[in-house]
Amino acid sequence: MRVPRYWRNKLFRYRLVGWRCINCGAFHHFKPLVCKRCGSRGFREVELPKTGKLLAYTVVKIAPADFKDKAPYLIGLVELDDGTRILAQLTDFSQDELKDGARVEAVLRKIREDGESGIIEYGYKFRPLVG
Amino acid sequence: MVRLNGVAIQGYGGYVPRYRIRAEEIGRLWGREKQELPIEEKAVAGLDEDSVTMAVEAARIAVKRAGIDPKKIGAIHVGSESKPYAVKPTGTIVAEAIGAGQNILAADLEFACKAGTEAIQLITGLVESGRIEYGLAIGADTAQGRPGDALEYTAASGAAALLIGRLTDDAVASIEAWNSYVTDTPDFWRRESENYPSHAARFTGQPAYFRHILGSINELLNDEGYSIKDIDYFVFHQPNVKFPLAVAKALKLEREKVSSGLISGFLGNPYSATSLLGLVRVLDEAKPGDAILLASFGSGAGSDAYILRVLDGIEEKRDRAPKLKDFIERKIYIDYASYAKFRGKLRLR
């Protein structure tokens with residue numbers, strides 16, 4: 001299951017490209033049959049902004065099996081510049097940069113690996129804005 | 001050597017990961033004194049980085065700087081000797097991540113540390129012949145050095161990308177000429193399934209690095225009628241600090257013509273990205289009209305030399321995206337234990 005699921009979701013994972021309902025504006029990560037909010041069937045492809053601010057964060061020390069070798073790592077709630085909220089891993093943070101309201105940007109990173117011989121799953125994480 | 005006609009860099013990007021380890025910290029483990037160490041510190045990729053993620057970082061910066069629609073890119077060549085997959089191209093992942101189209105050429109290159117500059121040759125050929133409008137030449141590596149080996153002090157991580165297209169008024173720099181010099185020289189290699197490269201120690205100097213790099217430069221200068229005086233910046237591959245300075249001495253260059261392109265002292269040697277990152281640092285400060293000589297070196301062995309001329313477009317395009325300095329200055333120092341974890345030297349399973 002893992003390979004098809006990763007492949008199907010790659011547009012959002014790589015570039016934050018998803019679908020917005022033409023009727024009510026609800027955002028969907030993956031193209032749905034009907035809108036989760038209003039039930040309509042019209043969508044347009046949108047690329048979300050890559051920058052935003054950190055609303056809240058936490059440190060994961062006891063990680064699920066796939067992420068054990070990455071612990072401790074950070075999870076943050078990010079509000080993108082268009083107001084969309086997104087939960088994601090944070091990366092490259094120093095202790096003093098880690099505060100609510102910090103400016104962040106999406107970057108492509110390794111999310112997990114399916115063992116030594118399986119696929120490497122890449123996707124977005126957020127880091128402190130550079131430059 | 002080849003003289004090019006109407007091909008230019010339209011955008012460029014350099015990326016260096018945030019983490020640094022001091023050579024002194026590595027020396028502490030292996031009993032080396034500070035005066036024996038080849039560099040000050042090197043850049044280390046984080047736990048979630050590899051040559052794919054760094055290639056994407058550099059490519060995104062290059063595209064942003066060029067200000068073009070990524071769908072116009074017709075070819076992506078990534079040079080690396082640390083591909084995360086033995087079989088599965090890096091170029092396809094980069095293409096999707098930057099939003100390039102599907103009708104493109106995506107191929108990975110390997111020639112030790114010169115795979116990135118080889119990509120420039122292929123892209124310029126495709127652009128000059130009119131087969132593509134734009135192409136990306138990328139060098140990216142998470143360089144491997146066996147624990148305790150001399151290479152461990154310098155093997156670093158980084159990526160650089162050049163977005164190349166037709167020569168226009170707003171281009172960053174024209175690519176005027178190039179030359180390659182290759183021979184079968186067994187100075188450094190890595191066999192299939194080996195994690196770390198092997199090298200022939202002192203053999204890496206005169207018969208490998210110096211012979212090839214001077215071979216490519218001298219022929220390019222002589223045949224194209226350039227003289228050393230015409231060139232404002234020189235960028236060489238730099239496995240350490242000593243080697244590029246020895247080339248500068250052999251060519252009788254003033255120190256200020258080489259210092260901007262020297263990065264190995266504080267970033268180390270990120271293999272395929274090294275000479276290209278030196279070029280990025282020069283482009284971050286060069287003025288229109290300046291001439292740049294770039295010469296890579298790849299073990300096995302060979303060197304590609306290029307002559308570039310900086311154009312007016314640089315003034316406006318430079319500030320569209322983060323400069324190399326922004327990545328160099330945001331460093332976080334790590335100890336050897338974190339370095340071992342980040343670079344997969346600790347195995348949990």
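Trainee: Let's start where the two domains of chain A meet. How many residue pairs are in polar contact across the interface of domain 1 and domain 2?

Mentor: Keep in mind that this is a predicted model. Across that interface, the rule finds seven residue pairs in polar contact, with both residues at pLDDT 80 or more. On the domain 1 side, the elements of chain A that give two or more residues to the contact are helix 1 (2-8) and helix 2 (10-15).

Trainee: And where does one domain stop and the other begin in chain A?

Mentor: The domain assignment puts domain 1 at 1-47 and domain 2 at 49-131 in chain A. The contact draws eleven residues from domain 1 and 19 residues from domain 2 of chain A. If you take the centres of these two domains over C-alpha atoms, 21 Å separate them.

Trainee: How do I put a size on an interface?

Mentor: Here's the general idea: the size of an interface is often given as the accessible area lost when the parts come together. In our case, domain 1 and domain 2 of chain A bury about 1300 Å² between them. Of that area, 55% is on carbon and sulfur atoms.

Trainee: What about charged pairs? How many salt bridges does the rule find across the interface of domain 1 and domain 2 of chain A?

Mentor: Five. For a salt bridge to look at in chain A, try Glu47(A) and Lys50(A): their side chains meet at 2.7 Å, N to O.

Trainee: Okay, now the interface of chain B and chain A. How many residues of each chain are in contact?

Mentor: You get 28 residues of chain B in contact with 28 residues of chain A. Reading the area the way we just did, chain B and chain A bury about 2400 Å² between them, with 48% of it on carbon and sulfur atoms.

Trainee: Which polar features show up across the interface of chain B and chain A?

Mentor: The rule finds 16 residue pairs in polar contact there, both residues at pLDDT 80 or more. It also finds eight salt bridges across the interface of chain B and chain A. A salt bridge to zoom in on joins the side chains of Arg109(A) and Asp48(B), at 3.0 Å, N to O.

Trainee: Which elements of chain B give two or more residues to the side that touches chain A?

Mentor: Those are helix 2 (51-66), helix 3 (90-98) and helix 11 (324-329) of chain B. The largest share of that side comes from helix 2 of chain B, with five residues.

Trainee: Let's look at folds. How do the elements of chain A run from the N terminus on?

Mentor: They go α-α-β-β-β-β-β-β-β-β, so to speak a list you can trace with your finger. Chain A has two helices and eight strands in total. Its C-alpha atoms fill a box of roughly 45 × 40 × 25 Å, taken along the principal axes. Buried residues make up 50% of the 131 residues in chain A.

Trainee: How do I read a sheet order, say the open sheet of three strands in chain A?

Mentor: Read the order as a list of neighbours. In chain A the order is 2-1-3, with antiparallel pairing. Strand 2 (27-28) and strand 3 (43-47) of chain A stand at the edges with a single partner strand each, so one side of each has no neighbour in the sheet. Strand 1 (residues 17-21) of chain A is joined to strand 2 of chain A by two bridges, and Trp19(A) stands opposite His28(A) in strand 2.

Trainee: What does a hairpin look like in chain A?

Mentor: Follow strand 7 (residues 103-113) into strand 8 of chain A, which pair in the antiparallel sense over nine bridges. Six residues lie between these two strands, and Gly115(A) in the turn has a positive phi of about 65°. Across the pairing, Leu108(A) stands opposite Tyr124(A) in strand 8.

Trainee: And why is strand 8 of chain A described as largely enclosed by the rest of the structure?

Mentor: Because nine of the nine residues of strand 8 (residues 120-128) of chain A are buried. "Buried" here means under 20% relative accessible area.

Trainee: Which strands form the open sheet in chain B?

Mentor: Three strands, in the order 4-3-15, with mixed pairing. Strand 4 (41-44) and strand 15 (332-333) of chain B are the edge strands, each pairing on one side only. Four bridges join strand 3 (residues 19-22) of chain B to strand 4, and the two run antiparallel. Within that pairing, Arg22(B) stands opposite Glu41(B) in strand 4 of chain B.

Key: Residues numbered from 1 in each chain as written. Chains lettered and ligands numbered in written order. Predicted model: local features only at pLDDT ≥ 70, side-chain atom pairs only at ≥ 80, totals over all residues. Heavy atoms only, no water. Pairing = 2+ DSSP bridges. Buried < 20%, exposed > 50% of the residue type's maximum accessible area, 1.4 Å probe, protein only. Domains from an automatic or database assignment. Contact = heavy atoms within 4.5 Å. Buried area = accessible area lost by both parts, 1.4 Å probe. Salt bridge = Lys/Arg side-chain N within 4 Å of Asp/Glu carboxyl O. Polar contact = N/O pair within 3.5 Å; in protein donor to acceptor, adjacent residues only side chain to side chain.
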